[in-house]
Amino acid sequence: MFYNVLNAKDLVNLDGEKFKKEVLMQHNDSCLNLVALKKDEIIDTHTSIADAAVYVLDGEIEIHFDAEKFTVDKGEILMFKKDDQHHVVAKKDSKFLLIKI
């Protein structure tokens with residue numbers, strides 16, 4: 001996969017599923033994942049073991065923290081610290097990059 005130009009939006013497709021994740025790169029706690037999530041699906045409450053950024057390639061998601069909710073649209077990035085408990089809701093069929101560093 002290295003030294004190739006990739007079209008991220010085409011790398012993972014739902015194919016009738018509600019959730020799909022493709023690990024593109026990983027080293028220790030750092031990783032680059034591509035996630036596809038069907039409209040109205042939820043990724044349950046969890047924490048990240050590393051600081052993270054979510055970059056929405058297509059669609060719209062909400063990321064819910066304890067008392068705050070952020071809507072992240074296509075082309076937008078949300079960054080957050082490790083150990084922040086959160087869950088994700090797809091407002092539309094969505095694809096996003098999850099970057100943990």
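In this predicted model, isoleucine 63 lies opposite phenylalanine 70, a residue of strand E6. Strand E5, which covers residues 60–64, is joined to E6 by five bridges, and the two strands run antiparallel.

E5 and E6 belong to an open sheet of four strands, arranged in the order E3-E8-E5-E6 with antiparallel pairing. Which strands stand at the edges of the sheet? They are E3 and E6 (69–73); each has a single partner strand, so one side of each is left without a neighbour in the sheet. From one strand to the next, the twist averages 15 degrees.

The other topic is the largest pocket. The space in the largest pocket is about 240 Å³. It is lined by 18 residues, and those closest to its centre are Ile43, His46, His86, Leu98 and Lys100. By class, the lining divides as follows.

| Class of lining residue | Number in the largest pocket |
|---|---|
| Nonpolar | eleven residues |
| Polar | five residues |
| Charged | two residues |

Which strands each supply at least two residues of this lining? They are E1 (19–27), E2 (30–37), E3 (42–46), E4 (52–58), E8 (86–90) and E9 (94–100). The largest share, three residues, comes from E9. Two of the strands named here, E3 and E8, also appear in the order of the open sheet. E3 therefore has two roles in this description: it stands at an edge of the sheet with a single partner strand, and it supplies at least two residues to the lining of the largest pocket.

How values were computed: Residues are numbered from 1 along each chain as its sequence is written. This is a predicted model: local features need pLDDT of at least 70, side-chain atom pairs count only at pLDDT 80 or more; totals for chains, interfaces and linings use all residues. Side-chain values use heavy atoms; hydrogens and water are left out. On a 1 Å grid over the protein atoms alone, a cavity is a set of points where a 1.4 Å probe fits but cannot get out, and a pocket is an open set with protein on both sides within 12 Å along at least five of seven lines; lining residues have an atom within 4 Å of a point. Grid points are joined across faces, edges and corners, and a volume is the space filled by probe spheres set on the points. Ala, Val, Leu, Ile, Met, Phe, Trp, Tyr, Cys and Pro count as nonpolar, Asp, Glu, Lys and Arg as charged, and the others, Gly among them, as polar. Two strands pair if DSSP finds at least two bridges between them. Axes are lines fitted to C-alpha atoms, for helices over the stretch in contact, and angles run from 0 to 180 degrees between N-to-C directions.
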